[in-house]
Amino acid sequence: MVVMSPSGDVALQQRDLIVWSTILMLLVIVPVIVLTLWFAWRYRAGNAEATYAPDWDHSTVLELVIWSVPLLIIIALGAMTWVSTHQLDPYRPLERIDAQRPVPEGVEPLVIEVVAMDWKWLFLYPEQGIATINEVAAPVDRPIRFKITSSTMMNSFFIPALAGQIYAMAGMETKLHAVINKEGVYEGFSANYSGAGFSDMRFRFHGLSEQGFDAWVAKNRAQGEPLDREHYLALEQPSHDEPVHRFASVEPDLYEAILNRCVQPGSLCMKDMMAIDMLRARNLCGIDDALRFLGKTSLDDIVGLRPAVSY
């Protein structure tokens, strides 16, 4: 029911796509069902008035109707799919607040960094410098840019009232642009099974006024504690039915470290590892030169890496 009566413009456009696709397909489905019942009644064995034509096998008019109507429906569905695939691309920044209002010039989206964990959700606000567990909020009518990753296995980030679901994968970042148009509290959850605590992997999304959002941020700063890498590594351990946690500050570049799998002290970030591989593949330098290029003196600067590297 939430999917069919959403509170965000992106979800509303997706709802309309479902409705129009269903209507177009019913243009064939309903007549077929009606004609099936009508033919069964009309040409029953007990109806002597029905025309009996055992040698009849072709009608040009019927062939045209039978093939042209579905073809036109497929063309219409294809056109809708093509347009909506581009307009509702989750990576595409929003161009409108709703059907009547474009995004005002100069308005920047609210960035929310999302980390799917076992079995809870971590939300980081780089602009506000705060973070939360299992609670997220945004002002009404302000575009939102979600940057989504995972600490371990794949999950699916889904707030039905806001927008469609999108996957969260370790070592990768997906994006979702959305906007909430009504104040309220909405359910969010993982829509992809990820183990024993999956059923409790739920959170609340708060659509707030500008003043309400500012108050929510102030509440997190007043009641929260600092979130550093050591605290994050403790949070990363699997837990069930985790309550809301608030963090008044966040260590710089924590999200980038989570994304690049290098929160653990001394570990090599994925982006650096890929840069080394690229330089070596192009024979631009040796591995020690590549490390120095990335700000490392040698492999000995990276704890535990040397045995895993082949020269």
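The side chain of T149 makes a polar contact with the backbone oxygen of M169 at 3.2 Å, and the T149 side chain also reaches the backbone oxygen of M172, at 2.8 Å. The model is predicted. T149 belongs to strand β7, which spans residues 144-150, and β7 is part of an open sheet of 7 strands. Salt bridges elsewhere in the structure are covered in the last two groups.

**Surroundings of T149**

- T149 has a relative accessible area of 0%, below the 20% limit, and therefore counts as buried.
- Beyond its neighbours within four places in sequence, T149 is in contact with V114, V115 and A116.
- The contacts of T149 also include the run A168, M169, A170, G171 and M172; within this run, M169 and M172 are the residues whose backbone oxygens are reached by the T149 side chain.
- Y255, I258 and L259 complete the list of T149 contacts.

**The sheet around β7**

- The strand order is β10-β7-β3-β4-β5-β14-β13, and the pairing is mixed.
- β10 (174-178) and β13 (225-227) are the edge strands; each has a single partner strand, so one side of each lacks a neighbour in the sheet.
- On average, neighbouring strands of this sheet are turned by 30° against each other, direction ignored.
- Strand β3 (residues 110-117) runs parallel to β7 and is joined to β7 by 7 bridges.
- In this pairing, V114 stands opposite I148 of β7; V114 is also one of the residues in contact with T149.

**Salt bridges at residues 92 to 101**

- The whole structure holds 9 salt bridges.
- E95 pairs with R92 through their side chains, with an N to O distance of 2.7 Å.
- E95 is exposed at 55% relative accessibility, whereas R92 is partly exposed at 30%.
- R101 and D98 form a salt bridge at 2.6 Å, N to O.
- R101 is partly exposed, with a relative accessible area of 36%, while D98 is buried at 15%.
- D98 and R101 are linked with D141 in a network of salt bridges.

**The R142 and E127 pair**

- The side chains of R142 and E127 meet in a salt bridge at 3.1 Å, N to O.
- R142 lies in the loop between β6 (135-139) and β7, and E127 in the loop between β4 (120-125) and β5 (130-133), so the pair ties together parts that are 15 residues apart in sequence.
- R142 counts as buried because its relative accessibility of 16% is under 20%.

Key:
Residues numbered from 1 in each chain as written. Predicted model: local features only at pLDDT ≥ 70, side-chain atom pairs only at ≥ 80, totals over all residues. Heavy atoms only, no water. Helix = DSSP H or I, 4+ residues; strand = E, 2+ residues; numbered from the N terminus. Buried < 20%, exposed > 50% of the residue type's maximum accessible area, 1.4 Å probe, protein only. Polar contact = N/O pair within 3.5 Å; in protein donor to acceptor, adjacent residues only side chain to side chain. Contact = heavy atoms within 4.5 Å. Pairing = 2+ DSSP bridges. Axes fitted to C-alpha atoms, helices over the stretch in contact; angles between N-to-C directions. Salt bridge = Lys/Arg side-chain N within 4 Å of Asp/Glu carboxyl O.
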